[in-house]
Amino acid sequence: MTILADGEIGLARAASDRFDIILLSGELPGMSGFRLCNRIKEDPSTRDVTTFVMSTSVADLEAHRRLPTHANAYFRRPVSLMDVVAQIRACDGVAHGLAN
């Protein structure tokens with residue numbers, strides 16, 4: 001697991017390292033998690049990475065969901081770890097060894 005607290009650093013790492021899943025906060029400093037998700041989904045080398053966005057703003061989550069560069073799933077904060085695990089399983093958990 002890698003934890004990064006800045007969107008700009010996150011973009012650099014998403015491009016240089018191979019991640020199976022990326023969980024973003026919409027409220028990241030430097031570059032918001034929404035913008036970071038857009039950049040990840042626009043890049044052919046990272047667009048297939050399963051990406052989740054969490055935020056306190058329902059309006060921001062709904063607006064981003066309508067974009068062509070949307071995340072695989074969205075969470076309203078506070079988020080339950082059980083909900084995150086369920087979404088990972090629903091999106092591509094079998095490929096990551098998370099199936100029952």
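Is T51 buried or exposed? T51 is buried (under 20% relative accessible area with a 1.4 Å probe, protein chains only; exposed is over 50%), since its relative accessible area is 0%. This is a predicted model, in which local features need pLDDT of at least 70, side-chain atom pairs count only at pLDDT 80 or more, and totals for chains, interfaces and linings use all residues. Residues are numbered from 1 along each chain as its sequence is written, and side-chain values use heavy atoms, leaving out hydrogens and water.

**Surroundings of T51**
- T51 lies in strand β2, strands being DSSP runs of E with at least two residues and helices runs of H or I with at least four.
- Leaving aside residues up to four places away in sequence, T51 touches I22, L24, C37, I40, K41, A71, N72 and A73 (heavy atoms within 4.5 Å).

**Aromatic pair**
- The structure holds one aromatic pair (ring centres within 6.5 Å).
- The ring centres of F52 and F75 are 5.7 Å apart and the planes stand at 70°, so the pair is edge-to-face (over 60 degrees; under 30 is stacked and the rest tilted).
- F52 in strand β2 (residues 50-55) and F75 in strand β3 (residues 73-76) are 23 residues apart, and both are buried.

**Nonpolar cores**
- The largest nonpolar core has 16 residues, and I22, L24, L36 and V53 have the most contacts inside it; such a core joins buried Ala, Val, Leu, Ile, Met, Phe, Trp, Tyr and Cys residues through side-chain atoms within 4.5 Å.
- Helix α2 gives the most to this core, with four residues.
- A second, separate core of six residues includes F52, A73, F75 and V84.

Key. Phe/Tyr/Trp six-rings, centres within 6.5 Å; stacked < 30°, edge-to-face > 60°.
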